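The exercises below concern charged side chains, a buried acidic residue and a small sheet. Try each task on the structure before reading its solution.

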Amino acid sequence: MTQEMQRFLKTKYHLEIGSQSAERLKHECAQVLKEQKESSKKEYLVVIRGRDVMTGLPKSIKLKAEEFKPLFTQYVDIILEQLAILTEELGPELIEELIHKGFLVFGGMAVMEMLSQRIEDSYGTLVHRPQYPDLLYHQ
């Protein structure tokens, strides 16, 4: 996801950012989109700093967080497709437990409220998300 954000900014705005900046931007956009959903009248902007690929000089731009929504939607769709494949392979006992206990989402994309909402809508079950989902990972 962060690589797609980097590619998007480089292609459309000639702005190069590092992976850590892209990760911060993902978190900021997730928060902004959540706030925007709660307050539909406001239009939120995110400030992005990086290097202008044409001049090599530092560059700062302001963008609507909405511009990243198609990227987030694309990745959420991919996750849901993979989840559907996985649940088709589970036995009835595990499916029953999954519906009863819900899903636990973690990792970088779990910061997107959109992911939890789409899983809840698709499966009709709870989605649990830790306070800092991107700090958890499976080994």
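**Exercise 1.** Determine whether Lys10 is buried, partly exposed or exposed, and find its salt-bridge partner.

Solution. Lys10 counts as partly exposed because its relative accessibility is 42%, where buried means under 20% relative accessible area, exposed over 50% and partly exposed in between, with a 1.4 Å probe and protein chains only. The model is predicted, so that local features need pLDDT of at least 70 and side-chain atom pairs count only at pLDDT 80 or more, whereas totals for chains, interfaces and linings use all residues. Residues are numbered from 1 along each chain as its sequence is written, and side-chain values use heavy atoms, with hydrogens and water left out. Next, Lys10 forms a salt bridge (a side-chain nitrogen of Lys or Arg within 4 Å of a carboxyl oxygen of Asp or Glu) with Glu16, the closest N and O atoms being 3.3 Å apart. Glu16 is also partly exposed, at 28%. Finally, Arg51 joins Lys10 and Glu16 in a network of salt bridges.

**Exercise 2.** Compare the salt bridges Arg7 to Glu4 and Glu23 to Lys26.

Solution. The first pair meets at 2.4 Å, N to O, and the closest N and O atoms of the second are 3.1 Å apart. Arg7 and Glu4 are 3 residues apart in helix H1 (residues 2-13), and therefore about one helical turn separates them; Glu23 and Lys26 are likewise 3 residues apart, in helix H2. As for accessibility, Arg7 is partly exposed at 44% and Glu4 at 22%, while Glu23 is partly exposed at 26% and Lys26 is buried at 3%.

**Exercise 3.** Describe the surroundings of Asp52, starting from its strand.

Solution. Asp52 is found in strand S2 and counts as buried, with 13% relative accessibility. A polar atom of its side chain lies 2.7 Å from the backbone nitrogen of Met54, and the side chain of Asp52 reaches the backbone nitrogen of Thr55 at 3.3 Å. Leaving aside residues up to four places away in sequence, Asp52 touches His14, Leu57 and Lys59 (heavy atoms within 4.5 Å).

**Exercise 4.** Work out the strand order of the sheet and which strands stand at its edges.

Solution. The open sheet has 3 strands in the order S1-S2-S3, with antiparallel pairing, where two strands pair if DSSP finds at least two bridges between them. S1 (15-16) and S3 (58-64) stand at the edges, each with a single partner strand, so one side of each lacks a neighbour in the sheet. Strand S2 (residues 45-52) is joined to S3 by 7 bridges, and Gly50 stands opposite Lys59 in S3.

Technical notes
Helix = DSSP H or I, 4+ residues; strand = E, 2+ residues; numbered from the N terminus. Polar contact = N/O pair within 3.5 Å; in protein donor to acceptor, adjacent residues only side chain to side chain.
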